[in-house]
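Q: Please take a close look at a single part of the model shown below. I would like one connected account of its surroundings, with the criteria behind each term stated.

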Amino acid sequence: MSDNTPELLLASMNGDSVALSSLLERHAVELRRRMAGRISPVWQNVLDVDDILQVTFMEAFLRIGQFVPGKDSSFVAWLTRIAENNLKDAVKELSRVKRPPPDRRVGDAAGNDSFASFLDQLAQTSATPSRVVRWQEARGVLEQALGRLPSDYETVIRGYDLEQKTAAELAAQLQRSEGAVFMLRARAHDRLRDLLNEQQLFSDH
């Protein structure tokens, strides 16, 4: 481990993308080693370690401000947790696709119903789109939030959740695997939910 690791970490947390790129490059081999062998043979034709690392590194750029420095191994441990969550979400969704529930999709891709159903899905648990927000306002907030997502995240949500494209179609469009599409979708939902909460679109009442 280079002596400049603490300086790189501090610079990364302060928004230095070059420093973060250096850290990710430094830990890529170790992260690949940790994730190697964790993909079941069942999914190896639609998911590989490169998929996991690509989405994990994208999330690292988005979430580096949340990282809390600790021991020398804490940064790679943080990356590993993100990578493990990505793998878990990909496998969960790939499994669902093999036996899709009736409500897997969110409605008519051309109409307002797809947006309304997607908001209901995104809200989860007891939260619902706020009653004080009119439909057109809600759609406008959603569109604005989608525009703030990384381009691949936005593409996956629009394509899979709103336009009813298949994972295979999106994988071809993005030149990624189907497993990567589901990892991107899971992380995009997390990011979008945070953005909509900032706009107070969801209410627990």
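A: Arg191 touches Glu59, Leu62, Arg63 and Leu149, leaving out residues up to four places away in sequence (contact means heavy atoms within 4.5 Å). The model is a predicted one, in which local features need pLDDT of at least 70, side-chain atom pairs count only at pLDDT 80 or more, and totals for chains, interfaces and linings use all residues. Residues are numbered from 1 along each chain as its sequence is written, and side-chain values use heavy atoms, with hydrogens and water left out.

Arg191 is located in helix 9 (helices are DSSP runs of H or I with at least four residues, strands are E runs of at least two, and both are numbered from the N terminus). Its relative accessible area is 18%, so Arg191 counts as buried (buried is under 20%, exposed over 50%, and partly exposed in between, with a 1.4 Å probe and protein chains only).

Three of these partners, Glu59, Leu62 and Arg63, also belong to the surface where helix 3 meets helix 9. On the helix 3 side, the residues are Asp51, Ile52, Val55, Met58, Glu59, Leu62 and Arg63; on the helix 9 side, they are Ala180, Met183, Leu184, Arg187 and Arg191. Two packed helices are described by the angle between their axes and the distance between the axes. For helix 3 (residues 49-63) and helix 9, the axes come within 9 Å and cross at roughly 15° (axes are lines fitted to C-alpha atoms, for helices over the stretch in contact, and angles run from 0 to 180 degrees between N-to-C directions). Helix 3 is therefore roughly parallel to helix 9 (under 35 degrees; over 145 is roughly antiparallel, 65 to 115 roughly perpendicular, and the rest oblique). The crossing of the two helices is right-handed (the near helix is turned clockwise from the far one by less than a right angle).

Ile52, one of the helix 3 residues at this surface, links the pair to the core. Beyond neighbours within four places in sequence, Ile52 is in contact with Met35, Ile39, Leu47, Ala83, Asn86, Leu87 and Met183. Ile52 is also among the residues with the most contacts inside the largest nonpolar core, together with Phe75, Trp78, Leu142, Leu192 and Leu196; that core has 58 residues (buried Ala, Val, Leu, Ile, Met, Phe, Trp, Tyr and Cys residues joined through side-chain atoms within 4.5 Å). Helix 9, spanning residues 178-198, gives the core its largest share, nine residues.

Leu192 leads on to helix 6 (residues 135-147), where Leu146 has its place. Leu146 touches Leu192 as well as Glu154, Ile157, Arg158 and Leu162, residues up to four places away not being counted. With a relative accessibility of 0%, Leu146 is buried. Leu146 and Leu195 lie 49 residues apart in sequence, and their C-alpha atoms are 8.9 Å apart in space.

Ahead of helix 9, the loop from helix 8 holds Gln175. This residue is exposed, with a relative accessible area of 74%, and has a positive phi of about 55° although it is not a glycine. Most residues other than glycine have a negative phi.

As for the setting, the chain contains nine helices and two strands. Of its 205 residues, 45% are buried, and 69% of contacts between residues at least 6 apart in sequence join residues at least 24 apart.
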